[in-house]
Structures are given as C-alpha cells and as structure tokens.
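Biologist: I am new to reading protein models. Could we go through some features together, with the general idea before each case?

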Amino acid sequence: MKQDHILNLLAVLLFQIPSRTLSSSPLTDAPRSGGLDLLGEFLVVTAYLLVSAILFYLAYQRDDRERKVVLALFGAIGLMGGALHALSFWGPPEGADTLVVLRLVFGVIAFIGVYLLFKAIPGLLAIPSQLRLQKINKDLLEQIEEREKAQVILRQTQQELEDRVQKRSAQAITANRALEREIENRKRAEKQLITKNYELIKKNADLDDFVYYASRDLKGPVLNVAGLVEAIREELPPGNPEFIQLFDRLDDSVSSINRKLNNLAEVSRIQKPVDETQLSMVSFELVLEQVRATLEEALRASQANLQADFSAAPEVYFSKDNLNSLLLNLISNSLKYRDPQRPLLISLSTRYQDQYLVLTVQDNGIGIDLKQYGQHLFSLFRRFHDHVEGSGVGLYIIKRIMDNNRGKVEVESVPGEGTTFLLYFVNHDQETGPRI
C-alpha cells in the first residue's frame, strides 16, 4: 500500500510541472538570460528523469501485471517529457525542424501510452482497495478461525473414534482369547471323544466277536441236546401221549435256541465293515433261487405266489451273502405276516432311480401301523405282532446291511392291505472305479 501512495505522489508531480518549458522553443522564445532560467530547466529535466527512474523501478518490483504496465507507461511518458525539455533547452537554433519532428514523435508515443492507460483502466479498477483488502483479510481470518474450530472438533471426534477402536480392539482381543480357550477345550474334548469312541469301537468289536464265537460255540451243545432228546425218544415206548407232548416241547425249545443263536451270529456278522474282496456283481435271480430253496417248505405250506421281475436291473454290485440275507429276511417276513383271508402274493422288482438301484419287495399281508410303530420298526429285538413266532432281528439286519453299504430302506404299509419295502442300493458300475 505504501507503493500506491508513492505512485499517486509521482503522478501529481509529473503533471503539475509547468508546461511553460514544453511550449517554449528556440524559434519563439527570447534569448535565455540569467542563470535562473538555466537552473529551472535543469531542475525540470532532472525531476522528469528521476520520476521516470522511480516509476521504472516500481514497475520492476511489482508482481501484478496491471500495475507493472501502468507504472512503465508513466515512466515512459515522464522520460519523453524530460527528453523534450532537454532538447528545447540545449538544442541548437538550427535544429528547430528536428525538434518539431521529435515533439511530434513523442506526442504520438505519448498518445499511444494514454490509449494503453485507457485500456488498463478495467484492470486497475479490479485491483482491490485497502478497505476491501482489509475486509477480505478479515473474512479470511474468520474462515481460518472457523477452520481451526472445525479442526478442534475433528480432532476430538478422531480421539473419540480412536478410543472406541481401542475399546473394541480390547473387547475383540478378550473375545478372541476366550474363543481360543473354547477351541482348546473343544479340541481336548474332541480328543477325549475320539479316544472314547476308539475304546467303544474296540469294545463293540470285542463284543461282536464274543457274540459270534459264543453263538457258534453254543451250536454244538444245542445239537448235542437235540441228539440226546432224539436218542431218549427212541428208547422210550411209543404211543405215550405225555411223552409225545414233552418231546414236542423239547423240540420247539431246541429249535428256538438254535434260531436265536443263528440270529445272534448273523447280527454279529453284519456289524463288521464290508470287505471289498466280498463285493462283486451279483445276480438277483440267482440269489432269489437260493432263497427259494431255503424257504421251499414254508412257501409250499403257505401256498405263496412269488413273482420276480429283475429285467430293469438284473445285477447289483454287492456282497452275495448280504443280498441273500436281505431277500431271506424280507420274504420270511411276508410269509410270517400273511393275511389268512386271501392267498399270499409276493412281488419283487428292480429299477434305477437317480444314483440308486431300487429293489422293491411287496406283499398283500396284514400290514404294519407305521404311525404307531414306524420309529421303532428297525430296532433290535422289537416285535409288533404276537400271533406269530419271531425273533425281532430280521428288520434290524436289513437296515444294518443297507447302512453299512451307504444305502437306505423305506417302508410303505397300510394295515389290512400289505407292505412294501424299498431298498436303495448305491448304483455302481464295476468297471468305472470305486463306489460312489
């Protein structure tokens, strides 16, 4: 702002210098007399030159383009004015024409400077005044103060967020440690469970072996008892009704014991995992013929009509002994629980369904109330009819065999109409690789 005051002062001095000297010429003025006139012209020329020098210096120091141009123009005009005074004062009388030309040239240049100054007026007006600058500065200070307040609030918010993060981090660390302890506890419990499970499997295996060998070893004494009963029967006189009734009971008891031992041996056998060497492609028709031979007497006595259609799936990749056990138990159940009011019809068929081979065994027997007995249908030693003899292990054996081979069993039954068993075998092509 100090430079603005100097600029105004120099402009006043520049244009307040008497124009008397500019209008004088060697052609019109009287001969100069005295040292005062000389001193006056010298001071005027010196003032013009000094003003021009100051203006050029100020233009050099300015950063804004508008003021730099204005100061340079004022300096040029002042320099031309000083040059005219110098020429008019020291120029020779014979150079009056030259002086006139120079004045004309300087006048044109000065007029161009005035034109440039006129064009610079909008830029000069755009330069803010001191009051405006003070107002702008005040606004800036207020904005800075508001920003500082906002920064304080932001720092407070950031500190609160950091405190929350630290608190949440501490909670997360605590929860993580608790989770690690829980995982450790679960690992220990899982390890203990695995150990207990291994021990249980070992005990079950030992128990299965015991049952199997005990049932096998007991068959000998039971057969001996049967032989002794037969020998005693031959030694006693025939025709005694009491002896006949007694030996019938002994025969029934020995047969019942023998069946129970066979069932226990079968239950023990199916508990063990299936040996891969026992698996092969087995024909349903071939195994059914073996079952027919085993149950030939019962089938003839019940006059059962046994029908089979295995054309859709004639073979299955399975254990032959297990398939024999499945068909034997299913057909035996149909024979035991037949309806005496109508001829027994047993139908067997196979088909493919999704990834399974399905064996269907259907009869028109007395049926089962699935709502009452469905949850315990495959339980061991559970019987649902007391009017016929049974051991309660047949359905358990069927379910166990299918589970061991990753299959499943479904039952559909309507009391008084009949029962249908659906056995789902995992479909396997022997030539494609391991089982599904």
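Modeller: Let's start with the transmembrane annotation. This is a predicted model, and the UniProt record, an unreviewed entry, places the feature "transmembrane region" at residues 39–60, 69–90 and 102–127.

Biologist: What is the helix content over residues 39–60, and how far apart are the end C-alpha atoms?

Modeller: Residues 39–60 are 100% helix and 0% strand. The C-alpha atoms at the two ends of that stretch are 31 Å apart.

Biologist: Where does Ala 86 lie, and how far is its C-alpha atom from that of Glu 41?

Modeller: Ala 86 lies in helix α4, which covers residues 65–90. Along the chain, Ala 86 and Glu 41 are 45 residues apart, while their C-alpha atoms are separated by 7.7 Å. As for its surroundings, Ala 86 counts as partly exposed because its relative accessibility is 22%, and buried would need a value under 20%.

Biologist: Now the surface, please. Which residues form the nonpolar patch?

Modeller: Leu 104, Val 108, Ile 112, Tyr 115 and Leu 116 form it, and together they have about 480 Å² of accessible area. Take Val 108 as one of them: this residue is in helix α5 (residues 96–119) and is partly exposed, at a relative accessible area of 43%.

Biologist: And which residues gather in the patch of negative charge?

Modeller: That patch on the surface brings together Glu 142, Glu 145, Glu 146 and Glu 148. Glu 146 belongs to helix α7, residues 130–235. With a relative accessible area of 54%, Glu 146 is exposed, since the cut-off for that word is over 50%.

Biologist: How should I think about salt bridges?

Modeller: Side chains of opposite charge can pair when their charged atoms come close. To count one here, a side-chain nitrogen of Lys or Arg has to be within 4 Å of a carboxyl oxygen of Asp or Glu. By this rule there are six salt bridges.

Biologist: How far apart, N to O, are the side chains of Glu 289 and Arg 292, and where do the two residues lie?

Modeller: The N to O distance in this salt bridge is 3.6 Å. Both residues are in helix α9 (residues 284–294), three residues apart, which is about one turn of the helix. Glu 289 is partly exposed at 40%, and Arg 292 is partly exposed at 28%.

Biologist: Why are Arg 300 and Glu 296 separated by about one helical turn?

Modeller: Because they are four residues apart in helix α10 (residues 296–302). Their side chains meet in a salt bridge at 3.6 Å, N to O. Arg 300 is exposed at 54% relative accessibility, whereas Glu 296 is partly exposed at 46%.

Biologist: In the salt bridge of Arg 342 and Asp 339, is Asp 339 buried or exposed?

Modeller: Asp 339 is buried, with a relative accessible area of 13%, and its partner Arg 342 is partly exposed at 29%. Their N to O distance is 2.9 Å.

Biologist: One last topic: the backbone angle phi. What sign does it usually have?

Modeller: Most residues other than glycine have a negative phi. Asp 354, although not a glycine, has a positive phi of about 55 degrees. Asp 354 is in the loop between β4 (345–353) and β5 (356–363), and it is exposed at 70% relative accessibility.

Biologist: What is the phi of Arg 406, and in which loop is Arg 406 found?

Modeller: Its phi is near 60 degrees, again a positive value in a residue other than glycine. Arg 406 is in the loop between α13 (394–404) and β6 (408–414), and counts as partly exposed at 44% relative accessibility.

Key: Residues numbered from 1 in each chain as written. Predicted model: local features only at pLDDT ≥ 70, side-chain atom pairs only at ≥ 80, totals over all residues. Heavy atoms only, no water. UniProt positions renumbered as here; feature names shortened; annotations may be inferred. Buried < 20%, exposed > 50% of the residue type's maximum accessible area, 1.4 Å probe, protein only. Patch = residues over 30% accessible without salt bridge, like charges linked within 9 Å, V, L, I, M, F, W, Y side chains within 5 Å. Areas by Shrake-Rupley, 256 points an atom, 1.4 Å probe, with all protein chains shown as cover. Lys, Arg positive; Asp, Glu negative; His and termini not counted. Charge placed at Lys NZ, Arg CZ, Asp CG, Glu CD.
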